[in-house]
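Colleague: Hey, could you walk me through the model you have open? I'm new to this one.
Modeller: Sure, here it is.

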Number of protein chains: 2
Amino acid sequence: MPRWKPDAPERLRTAALELFDAQGFERTTVAEIVQRAELTQRTFFNHFADKREVLFGLSSELQREIVREIEAGDDALPPLDAVVRAMEVVADKMFENRRVLMARRYAVIAANPELQERELGKNAALTEAIAAVLHARCGDPETAFLTAGAAMLAQQMAFRNWTRPGETRTLHELLQDALRSLRTTVEPA
Amino acid sequence: MPRWKPDAPERLRTAALELFDAQGFERTTVAEIVQRAELTQRTFFNHFADKREVLFGLSSELQREIVREIEAGDDALPPLDAVVRAMEVVADKMFENRRVLMARRYAVIAANPELQERELGKNAALTEAIAAVLHARCGDPETAFLTAGAAMLAQQMAFRNWTRPGETRTLHELLQDALRSLRTTVEPA
DNA sequence: GATGTGATTGCATCTTGTGCAATCACCGTA
DNA sequence: TACGGTGATTGCACAAGATGCAATCACATC
């Protein structure tokens, strides 16, 4: 007989998502989450720095993968294309098979300002990480930052569309579309 | 004899900035802030939704002004130029004369993740507001969002440089530079 | 002089988040 | 088998942030 039921973090994550989905983030207390997961508050805060963080377990892995993919990618590609290409690869690997889950999670985040802020923070960290890789690879930090920011803009747009109900295209395709749109939008008249 | 010393919100803002600057955001309690401002905690939370918000008094005005300036601006300009132009005008009006104050505030924000998240949230709200104006004016919401996002990217870059110690160019100039860099960066090879 | 308004306050209470010490199944080793 | 170390979990006390509600009282209005 094991001392504890296994995989506490995952139990907390699913309990939290279910409750947030059902009653909203603010009207859900950590006490409720840990009760449903059969754990204690102290354990919750052992695994997650704060209440919001329970929704962002994938983001560090996402960042690692994208950085890795850029570094492994084609050196000859223009930087912006290289980054978006990496995003496409990672999207296929990490997102396409969990579309409904991601959409549910995204809806929860979209419904709450605190969670949106956290999401923006994660995106900003990812932007910096991408900029750092580009800086190391090509040169000038400003160009690196702008390239990373532009890629993230395309990613945001693609992701929004991907989670829209009724949308059937893959995130991969939507990323390519978004990059094209971005280019024609920014292009000097 | 007036019942209270005047301008409670402003007293809270300056007290907070001074303390955050001196000891950092996390090591400053609301109790300390209100003591320095000769008010009570309850009054603090009457004026500001939370502890962070005390640093973001300008952002609603900023958003109003930028939106107004876009609406009043030259209709013939390409959208991205129109937005950046509006930002330049507002920068001249609201920022150039408070450079040191803005830099101090920015340093405080840059030193704390919670404040950075709030800043990102304000930026996102501004992006949406700009996108809404463009959407109303030109058409397609996706293009509007990408244009707004691109302009904000340039703004972020310009602002970073503007608050760098030793930088002497105006935010206006830096915005134009940033837009040029962005265009050459995103441009297809 | 009576009355209503609104900024401020006090108090009770809830929630989030942290530090610290204790528990005890599990694992490797003698 | 016995023994000791490890590490995930827990309990408890407590600081700080945040909210609801009722009370105060200078000021403006009539």
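Colleague: Let's start with the two protein chains. How many residues of chain B are in contact with chain A?
Modeller: Keep in mind that this is a predicted model. In it, 26 residues of chain B are in contact with 26 residues of chain A.

Colleague: Which helices of chain B supply at least two residues of that side?
Modeller: Helix H7 (113–137), helix H8 (141–162) and helix H9 (171–186) of chain B each do. H8(B) gives the most, with nine residues.

Colleague: And how do the residues on the side of chain B that touches chain A divide into nonpolar, polar and charged?
Modeller: They come to 14 nonpolar, seven polar and five charged.

Colleague: Okay, what turn lays chain B on chain A?
Modeller: A turn of 180 degrees, with a shift of 0.0 Å along the axis, and the RMSD is 0.1 Å. That makes the relation one of a two-fold axis.

Colleague: Which C-alpha in chain B is nearest the axis?
Modeller: The C-alpha of B:Glu117, which lies 2.7 Å from the axis. Also, the same surface serves both copies, as 100% of the contact residues of chain B recur in chain A.

Colleague: Switching to the DNA. Which residues are closest to strand D?
Modeller: The closest are A:Ala8, A:Thr43, B:Arg3, B:Asp50 and B:Lys51, and 18 residues surround that strand. Two or more residues of this surface come from each of these elements: helix H3 (41–47) of chain A, plus helix H2 (30–36) and helix H3 (41–47) of chain B.

Colleague: Which element gives the most there?
Modeller: H3(A), with three residues. By type, the surface near DNA strand D has nine nonpolar, four polar and five charged residues.

Colleague: And which residues are closest to DNA strand C?
Modeller: There the closest are A:Arg3, A:Asp50, A:Lys51, B:Ala8 and B:Thr43, with 18 residues surrounding the strand. Helix H2 (30–36) and H3 of chain A, along with H3 of chain B, each supply at least two residues of the surface near DNA strand C. The largest share is three residues, from H3(B). That surface divides into nine nonpolar, four polar and five charged residues.

Colleague: Let's go inside. Which residues touch the most other members of the largest nonpolar core?
Modeller: A:Ala154 and B:Ala154, in a core of 69 residues. H8(B) provides the largest share of this core, 13 residues.

Colleague: What is A:Ala154 in contact with, leaving aside neighbours within four places in sequence?
Modeller: A:Ala154 is in contact with A:Val84, A:Leu175, A:Ala178, A:Leu179 and A:Leu182.

Colleague: Back up a bit for me. What does the secondary structure of chain A come to?
Modeller: Nine helices and zero strands. The C-alpha trace of chain A spans about 60 × 35 × 30 Å along its principal axes. Chain A has 189 residues, and buried ones make up 34% of them.

Colleague: What domains does the assignment give for chain A?
Modeller: Domain 1 (8–54) and domain 2 (58–186). Their C-alpha centres lie 27 Å apart. Seven residues of domain 1 of chain A are in contact with eight residues of domain 2 of chain A. On the domain 1 side, those residues divide into three nonpolar, one polar and three charged.

Colleague: Now backbone oddities. Which residue has a positive phi of about 60 degrees although it is not a glycine?
Modeller: That's A:Asp7. Most residues other than glycine have a negative phi. A:Asp7 sits in the segment before helix H1 (8–23) of chain A.

Colleague: Is A:Asp7 buried or exposed, and why?
Modeller: A:Asp7 is exposed, because 10 other C-beta atoms lie within 10 Å, and a residue counts as exposed at 12 or fewer.

Colleague: What about A:Glu38?
Modeller: Phi of A:Glu38 is also positive, near 55 degrees. A:Glu38 is in the loop between H2 and H3 of chain A. With 11 other C-beta atoms within 10 Å, A:Glu38 is exposed.

Colleague: Last one: where does B:Glu26 lie?
Modeller: In the loop between helix H1 (8–23) and H2 of chain B. B:Glu26 is partly exposed, with 13 other C-beta atoms within 10 Å. The C-alpha atoms of B:Glu26 and B:Leu182 are separated by 35 Å, and the two are 156 residues apart along the chain.

How values were computed:
Residues numbered from 1 in each chain as written. Chains lettered and ligands numbered in written order. Predicted model: local features only at pLDDT ≥ 70, side-chain atom pairs only at ≥ 80, totals over all residues. Contact = placed C-beta atoms within 7 Å. Helix = DSSP H or I, 4+ residues; strand = E, 2+ residues; numbered from the N terminus. Nonpolar A, V, L, I, M, F, W, Y, C, P; charged D, E, K, R; others polar. Near = placed C-beta within 6 Å. Least-squares fit on C-alpha atoms with pLDDT ≥ 70 in both. Core = buried A, V, L, I, M, F, W, Y, C linked by C-beta atoms within 7 Å. Buried ≥ 20, exposed ≤ 12 C-beta atoms within 10 Å, placed from the backbone. Domains from an automatic or database assignment.
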